[in-house]
Amino acid sequence: MTKEINIRHKEPLTVVKVGGAIVEDEGKLAELLENFSKIEGRKVLVHGGGRRATKVASALGIESHMVNGRRITDADMLEVVTMVYGGLVNKNLVAKLQSKGINALGLTGADANVILSHRRPIKDGVDYGFVGDVDKVDGKLLSTLIENGITPVMAPLTHDGAGNILNTNADTIASETAKALAKHYDVTLVFSFEKPGVLKDANDDSSVIPTITRPDFDRYVADGTISGGMIPKIENALSAVDAGVGKVVITLASAINGKQGTVIRK
């Protein structure tokens with residue numbers, strides 16, 4: 001490995017998070033990776049894979065338990081998500097990106113100590129098991145890899161520094177990674193999912209809300225326009241822009257150039 005390059009002027013960098021629904025759909029995944037390969041300049045891919053983990057767990061006779069959309073990760077499920085996220089999904093994405101001329105490197109948080117976390121404490125009587133909440137992302141290490149022509153592909157797994165792998169929300173990893181890299185780059189964070197953006201009407205794909213600020217978010221949550229899993233996604237996005245990320249975009253797999261979808265701003 002060559003020495004880290006000092007970045008005197010912040011160059012643009014794009015962090016793209018792709019969800020499990022797209023990972024599971026070969027057509028949508030191919031479209032996303034094609035568009036990702038066309039993004040100019042520096043970039044990072046963060047992926048989920050929950051649907052594949054549920055499928056593999058079921059085949060192994062392991063029942064999946066969810067609370068408020070969050071997976072309970074006991075010892076058996078931890079083995080499944082480690083295999084699926086860190087192996088099957090991650091290496092499949094790396095191989096596909098290599099075929100497109102992207103020199104990708106698959107990483108979990110344990111690799112090179114890139115993401116350190118702690119086990120989530122019991123809250124409201126819910127023990128999430130081996131689930132991690134992020135403490136630190138090593139942006140300096142990631143910038144060193146990136147400046148040496150490597151595109152990190154990050155799995156939703158972290159570690160606690162005491163020998164334990166922890167299942168960690170992919171949106172959170174994307175947000176925390178973008179924050180850490182914002183010290184080195186002008187970062188755009190893109191959350192790619194099945195819809196063209198955040199919608200005023202969940203049944204109308206043309207009702208994309210173009211921009212959301214924190215006051216907008218509070219108002220939309222209060223009136224029910226934004227609900228469910230979109231709430232933590234936008235909370236992660238707002239946390240990112242508050243910490244120095246240039247902008248966050250929520251959009252389709254076919255529109256990850258940062259120019260379409262819903263833009264989250266301060």
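What share of the contacts in the protein chain with a separation of 6 or more comes from residues 24 or more positions apart? In this predicted model, such pairs account for 69% of those contacts, and several of the residues described below take part in pairings across long stretches of sequence.

## Overall build

The secondary structure of the protein chain comes to eight helices and 14 strands. For a chain of 266 residues, a compact globule would be expected to have a radius of gyration near 18 Å, and the value computed for the protein chain, 18 Å, agrees with that expectation. Taken along the principal axes, the box filled by the C-alpha atoms is roughly 50 × 50 × 35 Å.

Of the 266 residues in the protein chain, 50% are buried. The area that the chain exposes is about 12300 Å², and carbon and sulfur atoms supply 48% of it. The chain carries 32 positive and 32 negative charges, and the mean positions of these two sets lie 5 Å apart.

## Helix α5 and its ends

Helix α5 covers residues 139-147, and because seven of its nine residues are buried, this helix is largely enclosed by the rest of the structure. The buried residues are Gly 139, Leu 142, Ser 143, Thr 144, Leu 145, Ile 146 and Glu 147, a list that contains glycine and leucine as well as serine, threonine and glutamate.

Both ends of the helix have a local feature that can be found in the model. At the start of α5, a side-chain oxygen of Asp 138 reaches to within 3.3 Å of the backbone nitrogen of Lys 140, while just after the helix Gly 149 takes a positive phi of about 85°.

## Thr 168, a buried loop residue

Thr 168 is found in the loop between strand β10 (165-167) and helix α6 (170-181). Its relative accessible area is 3%, and Thr 168 is therefore classed as buried, although it sits in a loop.

The side chain of Thr 168 makes a polar contact with the side chain of Thr 158, at 2.7 Å. When neighbours within four places in sequence are left aside, the residues in contact with Thr 168 are Gly 132, Val 134, Pro 156, Thr 158 and Ile 173, so that Thr 158 appears both in this list and as the partner in the polar contact.

## The β5–β6 loop and Asp 124

The loop between β5 (104-107) and β6 (115-119) holds Ala 112 and also Asp 111. Ala 112 has a positive phi of about 55° although it is not a glycine, and with a relative accessibility of 57% this alanine counts as exposed. Asp 111, by contrast, is partly exposed, with a relative accessible area of 33%. A polar atom of the Asp 111 side chain lies 2.7 Å from the backbone nitrogen of Thr 108, and the C-alpha atoms of Asp 111 and Leu 157, which are 46 residues apart in sequence, are 10.0 Å apart in space.

Asp 124 is placed in the loop between β6 and β7 (132-137). Like glycine-free Ala 112, it is a residue other than glycine with a positive phi, here of about 55°, and at 74% relative accessibility Asp 124 counts as exposed.

## Val 56 and Leu 238, two helix residues

Val 56 is found in helix α3 (residues 50-59) and is partly exposed, with a relative accessible area of 24%. Its C-alpha atom is separated by 7.2 Å from that of Val 80, which is 24 residues away along the chain. Beyond its neighbours within four places in sequence, Val 56 is in contact with Val 80 and Val 84.

Is Leu 238, in helix α8 (residues 230-242), buried or exposed? Leu 238 has a relative accessible area of 1%, and so it is buried. Leaving aside neighbours within four places in sequence, Leu 238 is in contact with Thr 213, Arg 214, Phe 217, Ile 264 and Arg 265. Ile 212 lies 26 residues from Leu 238 in sequence, and the two C-alpha atoms are 9.1 Å apart in space.

Notes:
Residues numbered from 1 in each chain as written. Predicted model: local features only at pLDDT ≥ 70, side-chain atom pairs only at ≥ 80, totals over all residues. Heavy atoms only, no water. Buried < 20%, exposed > 50% of the residue type's maximum accessible area, 1.4 Å probe, protein only. Helix = DSSP H or I, 4+ residues; strand = E, 2+ residues; numbered from the N terminus. Polar contact = N/O pair within 3.5 Å; in protein donor to acceptor, adjacent residues only side chain to side chain. Rg over C-alpha atoms; globule rule 2.2 N^0.38 Å. Contact = heavy atoms within 4.5 Å. Areas by Shrake-Rupley, 256 points an atom, 1.4 Å probe, with all protein chains shown as cover. Lys, Arg positive; Asp, Glu negative; His and termini not counted. Charge placed at Lys NZ, Arg CZ, Asp CG, Glu CD.
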